[in-house]
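Colleague: I should like to go through this model with you before I plan my reading of it. May I put a few questions to you?

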Amino acid sequence: MNPPVLGLDLAQATFVAALQFSEQQVLQQSFANTPSGFRKLGVWLHQHLASPLRVGLECTNTYAEPLAEWLHQHGHTVHLLNPERLAHYAKAIGQRNKTDPADAVTIARFVARHADLTVWVPPLPEQKSLRSTGMLVMSVAANVPRAVSRSATPFAAAINVVMR
């Protein structure tokens, strides 16, 4: 028998956990996507087993990072999964429902069937800082043309020339 796995489908405010013991035995629970919700997940997992798990999360946004870090700190093996690969897998197994609970089960089944998944490692603080800086630069760069077009100052005209 394979060890249990955990599939998590995340949204901004909540996440659904699917704890799969076997193809037929899957427990599900919804939690707040907050540190308090993470602690409740820990209690729920402890009620059902004591060993660290392989955990799959769909990598669609930054919503997953705090939970992934929490899981990693608590000894679980975390896999951030490609959404496109999961979508193809769901289609291949005939998954028609597109709900958070159904997605969590699909993620758990995917993790259970794939032993060769890349293990996620938390980014270093410097990497997080660089990512934040890059996102800020992209945001500013996207808004400069808009600001320039609203302004008729010589400075704005000079920026407009530089941006071309």
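Colleague: In what order do the elements of the protein chain run from the N terminus on?

Modeller: This is a predicted model. The secondary structure of the protein chain comes to six helices and five strands. From the N terminus on, these elements run β-β-β-α-β-α-β-α-α-α-α.

Colleague: How do the axes of helix α1 and helix α2 cross: roughly parallel, roughly perpendicular, roughly antiparallel or oblique?

Modeller: Helix α1 covers residues 35-48 and helix α2 residues 64-73, and their axes come within 10 Å. The axes cross at roughly 40°. Angles under 35 degrees would count as roughly parallel, and 65 to 115 as roughly perpendicular. The crossing angle therefore makes α1, relative to α2, oblique.

Colleague: What is the handedness of the crossing of α1 and α2, and how do the residues of the contact divide?

Modeller: The crossing of α1 and α2 is right-handed. On the α1 side the contact is made by F38, R39, L41 and G42, and on the α2 side by P66, L67, W70 and L71. Gly counts as polar and Arg as charged. The residues of this contact thus divide into six nonpolar, one polar and one charged.

Colleague: How many of the ten residues of α2 are buried?

Modeller: Buried means under 20% relative accessible area. In α2 the residues A64, E65, L67, A68, E69, W70 and L71 are buried. Helix α2 is largely enclosed by the rest of the structure, because the number of its ten residues that are buried is seven.

Colleague: Which residues form one aromatic cluster with W70?

Modeller: W70 belongs to α2 and takes part in the contact with α1, as does F38 from the α1 side. Both belong to one aromatic cluster, and its other members are F15, F31 and W44.

Colleague: Is the aromatic pair of Y89 and F110 stacked or edge-to-face?

Modeller: A pair of aromatic rings is described by the distance of the centres and the angle of the planes. For Y89 and F110 the values are 5.1 Å centre to centre and 75° between the planes. Planes over 60 degrees apart count as edge-to-face, and the pair is accordingly edge-to-face.

Colleague: Where in the chain do Y89 and F110 lie, and are they buried or exposed?

Modeller: Y89 lies in helix α3 (residues 83-92) and F110 in helix α4 (residues 100-113), so the pair links distant parts of the chain, 21 residues apart. The relative accessibility of Y89 is 11%, under the 20% cut-off, so Y89 counts as buried. At 2% relative accessibility, F110 likewise counts as buried.

Terms used
Residues are numbered from 1 along each chain as its sequence is written. This is a predicted model: local features need pLDDT of at least 70, side-chain atom pairs count only at pLDDT 80 or more; totals for chains, interfaces and linings use all residues. Side-chain values use heavy atoms; hydrogens and water are left out. Axes are lines fitted to C-alpha atoms, for helices over the stretch in contact, and angles run from 0 to 180 degrees between N-to-C directions. Helices (H or I, at least four residues) and strands (E, at least two) are DSSP runs, numbered from the N terminus. Angles under 35 degrees count as roughly parallel, over 145 as roughly antiparallel, 65 to 115 as roughly perpendicular and the rest as oblique. A crossing is left-handed if the near helix is turned anticlockwise from the far one by less than a right angle, and right-handed if clockwise. Contact means heavy atoms within 4.5 Å. Rings of Phe, Tyr and Trp (its six-membered ring) pair if their centres lie within 6.5 Å; planes under 30 degrees apart count as stacked, over 60 as edge-to-face and the rest as tilted. Buried means under 20% relative accessible area, exposed over 50%, partly exposed in between (1.4 Å probe, protein chains only).
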